[in-house]
Amino acid sequence: MAKPLQVEVYNPNGKYRVISTKPMPGNRWINLLIEQDCRLEICTEKKTILSVEDILYLIGNKCDGVIGQLTEDWGETLFSALSRAGGKAFSNMAVGYNNVDVNAATKYGVAVGNTPGVLTETTAELAASLSVAAARRIVEADEFMRAGLYDGWLPHLFVGNLLKGQTVGVIGAGRIGSAYARMMVEGFKMNLIYYDLYQATRLEKFVTAYGQFLKANGEKPVMWKRASTMDEVLREADVISLHPVLDKTTYHLVNKERLAMMKKDAILVNCSRGPVIDEAALVEHLKANPMFRVGLDVFENEPYMKPGLAQMKNAIVVPHIASASKWTREGMATLAALNVLGKIKGYPIWSDPNKVDPFLDENSPPPAACPSIVNSKALGLPVSKL
């Protein structure tokens, strides 16, 4: 049995007991729960990742819903315990739910929420930031400066890549991939090559219109191309950003063979899922190709990096912060809380989980709906007509 954990309690006499396994940014999510007669218990234990035993302790004998984190292992053990405690709702504070056994949740009648629709621009901005930082070797130069090694300007000091006129490649041109592509095309006048199973019509129209604008103003127009294979993107692009979903077909999508296809001075960025890159193969490629650079926000075996990666000067590594803007993280907390609250209250499911502005407007009450329940069809939950 896990030892007792530190917990902060809000509205102790509330009718519904809701657990948050971590403190989350902002106060609105807290207020929304306690205003609807919830007793909210926030685990404040100084522990980065809670174990299954820890969460079992938090659930206890009576629990109506849980807000959890993507670092936790939500499977048969936890969903059966939550169901026995009377719980009907769990929500990840994340768009992804690879840590959740959705079938097990459905088996026990537990609705599984996530928080899409609020991360798009923030994640795309970090991918763009990593692209620029890698191209201009900003992290290397910062470390050099802080170490007191700068003696004066030199012609060859930290020469990097000019982005203007180069080709940006996007693998997975969904909401985030398309937002990233627009930033790079418009911000740096880059050409675009992308691969996706579905045609990104809006993205194509955007690049076409921007190219026409540049041409009308006497500049070289930008171009776009939809690749027939991922390999085509890897071979042709100067900067490649990965935005696929993680499944059996995309595990180690970028491996030794595909790294060898890329330009020797290419830049590879990953803000999607760590296992889409064979990290051990990447380390070897970085060693053999010092002008090849990467920007990584996610890793194959988080929170760990494969041996050697931390020592690579041509790698920028950041700790899974793609969604870490104040507005986005507070919005994620709000959406996760409303998923749990909505199921407790018997609300229907919001018709479009990517259009969440009505839930995030702090000047008006949120809709009486669950923002996003991934197993709503399997549970037969009704869809909101709002």
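1. Let's start with a pair worth finding on screen in this predicted model: Glu 121 and Arg 182 form a salt bridge, with their closest N and O atoms 3.7 Å apart. Glu 121 belongs to helix α5 (residues 120-135) and Arg 182 to helix α7 (residues 175-188), so this contact ties together parts that lie 61 residues apart in sequence. Both partners are partly exposed: Glu 121 has a relative accessible area of 40%, and Arg 182 has one of 30%.

2. The two residues turn up again in a pocket. The second largest pocket has a volume of about 560 Å³, and 21 residues line it. Closest to its centre are Thr 120, Glu 121, Arg 175, Arg 182 and Arg 202. Helices α5, α7 and α8 (201-216) each contribute at least two lining residues. By character, the lining divides into nine nonpolar, six polar and six charged residues.

3. Where does the second largest pocket lie? Its lining takes residues from both domain 1 (7-118 + 324-379) and domain 2 (120-317), so the pocket sits between them.

4. Back to charged pairs, for which the whole structure gives 17 salt bridges. One of them links the side chains of Glu 41 and Arg 17, at 2.8 Å from N to O. Because Glu 41 is in strand β3 (residues 38-43) and Arg 17 in strand β2 (residues 16-20), the bridge ties together parts 24 residues apart in sequence. Are these two partners buried or exposed? Glu 41 counts as buried at 8% relative accessibility, and Arg 17 is buried as well, at 16%. Arg 39 comes into the picture too: salt bridges with shared partners join Arg 17, Arg 39 and Glu 41 into one network.

5. Another bridge to look at joins Asp 54 and Lys 47, whose closest N and O atoms are 2.6 Å apart. Here the partners sit in unlike surroundings: Asp 54 counts as buried, at 4% relative accessibility, whereas Lys 47 is partly exposed, with a relative accessible area of 36%. As general background, side chains of opposite charge can pair when their charged atoms come close.

6. Two domain annotations come from an unreviewed UniProt entry, so please bear in mind that they may be inferred rather than shown by experiment. The record gives "D-isomer specific 2-hydroxyacid dehydrogenase NAD-binding" for residues 130-322. In the model, that span is 35% helix and 15% strand, and its end C-alpha atoms lie 10 Å apart. The record also places "D-isomer specific 2-hydroxyacid dehydrogenase catalytic" at residues 52-346. Over that stretch, the chain is 41% helix and 13% strand, with the end C-alpha atoms 28 Å apart.

7. A few backbone details deserve a look while you have the structure open. The peptide bond from Glu 302 to Pro 303 is cis, with omega near 10°. Pro 303 is in the loop between β12 (293-296) and β13 (315-317).

8. Which residues other than glycine have a positive phi? Asn 11 is one of them, with phi near 50°; Asn 11 is placed in the loop between β1 (7-10) and β2 and counts as partly exposed at 28% relative accessibility. Arg 137 is another, with a phi of about 55°. Arg 137 is found in the loop between α5 and α6 (138-146). At 19% relative accessibility, Arg 137 counts as buried because the cut-off is under 20%.

How values were computed
Residues numbered from 1 in each chain as written. Predicted model: local features only at pLDDT ≥ 70, side-chain atom pairs only at ≥ 80, totals over all residues. Heavy atoms only, no water. Salt bridge = Lys/Arg side-chain N within 4 Å of Asp/Glu carboxyl O. Helix = DSSP H or I, 4+ residues; strand = E, 2+ residues; numbered from the N terminus. Buried < 20%, exposed > 50% of the residue type's maximum accessible area, 1.4 Å probe, protein only. 1 Å grid on protein atoms, 1.4 Å probe; cavity = no way out; pocket = protein on both sides within 12 Å on 5 of 7 lines; lining within 4 Å. Points joined across faces, edges and corners; volume = space filled by probe spheres on them. Nonpolar A, V, L, I, M, F, W, Y, C, P; charged D, E, K, R; others polar. Domains from an automatic or database assignment.
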